[in-house]
Amino acid sequence: MNFQLTEEQLAVQQAAREFAQTELLPGVIERDETQTFPLEQVKKMGELGFLGMMVDPKYNGGGMDTISYVLAMEEISKIDASASVCMSVNNSLVCWGIEKYGTEEQKEKYLKPLATGEKIGAFCLSEPEAGSDATSQRTTAEDKGDYYLLNGTKNWITNGNTASIYLVIAQTDREKGHKGINCLIVERGMDGFVVGKKENKLGIRGSDTHSLMFTDVKVPKENRIGEDGFGFKFAMSTLNGGRIGIASQALGIASGAYELALAYSKERKAFGKPISQHQAIQFKLADMATEIDAARLLCLKAAYLKDQKKDFGKAGAMAKLFASKVAMDTTVEAVQIHGGYGYVKEYHVERLMRDAKITQIYEGTSEIQKIVISRELLK
Ligand code: CAA
């Protein structure tokens, strides 16, 4: 077993750290306050190759491994989880999904601009009445010969307004259950496609989360991913990889909060000495650092398995389950260490605490991760 990162992986980690410090940190509090998407910053992320990291260079991607992606996601998420969720969805759901299962034409037309960030992608599975129970899709894609007629509503869609390429999961044949579901590539601007209301969220307030409405949208047959009825399996398979991205986001939120708490504890004095000299604080720091290290190892293990082309579904779900709990626990403790300062915006930890919660909800709640894990255990 080798715990040593390669020169290339270390360089990616360093580049992401510098980018987050210089480009994302300034303005992150204001963007959270005003619910402003980091458009300029995301554009630069595309130029630096952070939006199509694992895509084959022949489709304009970075050709990097999943371990590099985990490292970059952690660094970006330490500073701005709103930017990193955009990065995660674009990389692991949209780019990966099209690269793995799309046709050559779909890759040329859609993957290439997605990999450079020229266009941003969104993954549209959740509906008002289909979140965890993803087979209960109400959105319909009626087969009309050479096109599908798409009707329905999607909810809580990350990059909802920023995206221009949408992977939309919809029911074609209800009788067939999950085998009657398809995934269609829908373009912004198609007649009948409207971006709905923006959600006013607890955390990741800079990310633009919208509902989407489809009314008689004609989607050409060549925009279907995979064979007829492959849509549900496509979504499940894609989410397996997406969970590594969100686990890394949770890891970054946790390690960002820990680093702030550590630094603060050395500066802040109480009872005649820095609070880091009090055992009550030392115990907290020791727990936080240990849990973060364990979460990082789970993320890297899942990434390693994916890079080795081995089964990574259980490992990704374990990483997400654990890292998202660590993100919650660590950020709450980071606020506690900061005391009153932790409760105000300037010190960043209250935002990280609010951002942490979503990592236990999206791309499958913690309960869903336990279902995915236990199914593998009981196979
Ligand atoms: N990987 C690969 N295939 C899988 C799979 C997985 N993790 N889970 C299920 N499948 C396959 C099964 O093998 C089965 O195929 P067969 O019929 O050929 O055997 C098929 O899919 C149907 O599986 P199930 O009968 O097990 O399906 P189910 O209805 O019991 O659901 C579930 C399983 C795990 C609960 C699933 O519905 C699920 O993962 N739900 C959560 C959905 C989710 O994560 N939503 C997040 C929205 S996206 C998002 O958040 C993005 C964002 O904006 C950040």
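These legends go with several close-up views of one predicted model.

**View 1. The chain is split into three domains.** The domain assignment gives domain 1 at residues 7-120, domain 2 at residues 122-231 and domain 3 at residues 238-378. Take domain 1 and domain 2 as a pair: their centres, worked out over C-alpha atoms, sit 22 Å from each other. Where the pair meets, 24 residues of domain 1 are in contact with 26 residues of domain 2.

**View 2. UniProt marks an N-terminal stretch, and here it is on its own.** The unreviewed UniProt entry puts the annotation "domain: Acyl-CoA dehydrogenase/oxidase N-terminal" on residues 6-118. What is this stretch, residues 6-118, built from? Helix makes up 73% of it and strand 0%, while the C-alpha atoms at its two ends are 29 Å apart.

**View 3. Next comes the middle stretch from the UniProt record.** Residues 122-217 carry the feature "domain: Acyl-CoA oxidase/dehydrogenase middle", again from an unreviewed entry in UniProt. Look for strands here: residues 122-217 are 50% strand and 0% helix. From one end of this stretch to the other, the C-alpha atoms are 17 Å apart.

**View 4. The C-terminal stretch brings us back to helices.** According to the unreviewed UniProt entry, the annotation "domain: Acyl-CoA dehydrogenase/oxidase C-terminal" covers residues 231-377. Over those residues the chain is 78% helix, with 3% strand. The end C-alpha atoms of residues 231-377 are 25 Å apart.

**View 5. Here we zoom in on the second largest pocket.** The space in this pocket comes to about 520 Å³. It is lined by 15 residues, and the closest to the pocket's centre are Asn2, Phe3, Ile67, Leu300 and Lys301. Which helix gives the largest share of the lining? That would be helix 8, with 6 residues. Helix 4 (66-79) and helix 8 (279-307) each chip in at least two lining residues. If you sort the lining by class, you get 9 nonpolar, 3 polar and 3 charged residues. Domain 1 and domain 3 each provide at least three residues of this lining.

**View 6. Now for the largest cavity.** The structure has 3 cavities of 30 Å³ or more, and the largest cavity holds about 50 Å³ of space. Its lining is made of Val28, Arg31, Asp32, Asp80, Ala81, Ser82, Arg205, Gly206, Arg351 and Asp355. Helix 2 (28-34), helix 5 (81-101) and helix 10 (349-358) are the elements that give two or more residues to that lining. The largest share, 3 residues, comes from helix 2. How many of the lining residues are charged? The count is 6 charged, alongside 2 nonpolar and 2 polar.

**View 7. Leu285 is our stop on helix 8.** You'll find Leu285 in helix 8. Is Leu285 buried or exposed? Leu285 counts as buried because its relative accessibility is 9%, and the cut-off for buried is under 20%. Skipping residues up to four places away in sequence, Leu285 touches Tyr258, Ala261, Leu262, Ser265 and Ile337. Also look at Glu333: it is 48 residues from Leu285 along the chain, yet their C-alpha atoms are separated by 8.7 Å.

**View 8. Gln249 shows up in helix 7, with Ile204 among its contacts.** Gln249 is in helix 7, which runs over residues 231-267. At 0% relative accessibility, Gln249 counts as buried. Leaving out neighbours within four places in sequence, its contacts are Met73, Ser77, Ala81, Ser84, Val85, Ile204, Thr359 and Tyr362. Now follow the contact to Ile204, which lies in the loop between strand 6 (193-198) and strand 7 (209-220). Ile204 also counts as buried, at 3% relative accessibility. Check its backbone too: Ile204 has a positive phi of about 30°, although it is not a glycine.

**View 9. We finish in a loop, at Lys309.** Lys309 sits in the loop between helix 8 and helix 9 (313-338). What is the phi of Lys309 near? The value is near 60°, which is positive in a residue other than glycine. Lys309 counts as exposed because its relative accessibility is 76%, and exposed means over 50%.

Notes. Residues are numbered from 1 along each chain as its sequence is written. This is a predicted model: local features need pLDDT of at least 70, side-chain atom pairs count only at pLDDT 80 or more; totals for chains, interfaces and linings use all residues. Side-chain values use heavy atoms; hydrogens and water are left out. On a 1 Å grid over the protein atoms alone, a cavity is a set of points where a 1.4 Å probe fits but cannot get out, and a pocket is an open set with protein on both sides within 12 Å along at least five of seven lines; lining residues have an atom within 4 Å of a point. Grid points are joined across faces, edges and corners, and a volume is the space filled by probe spheres set on the points. Helices (H or I, at least four residues) and strands (E, at least two) are DSSP runs, numbered from the N terminus. Ala, Val, Leu, Ile, Met, Phe, Trp, Tyr, Cys and Pro count as nonpolar, Asp, Glu, Lys and Arg as charged, and the others, Gly among them, as polar. Domain bounds come from an automatic or database domain assignment. Buried means under 20% relative accessible area, exposed over 50%, partly exposed in between (1.4 Å probe, protein chains only). Contact means heavy atoms within 4.5 Å. UniProt positions are given in the numbering used here, feature names are shortened, and annotations may be inferred rather than shown by experiment.
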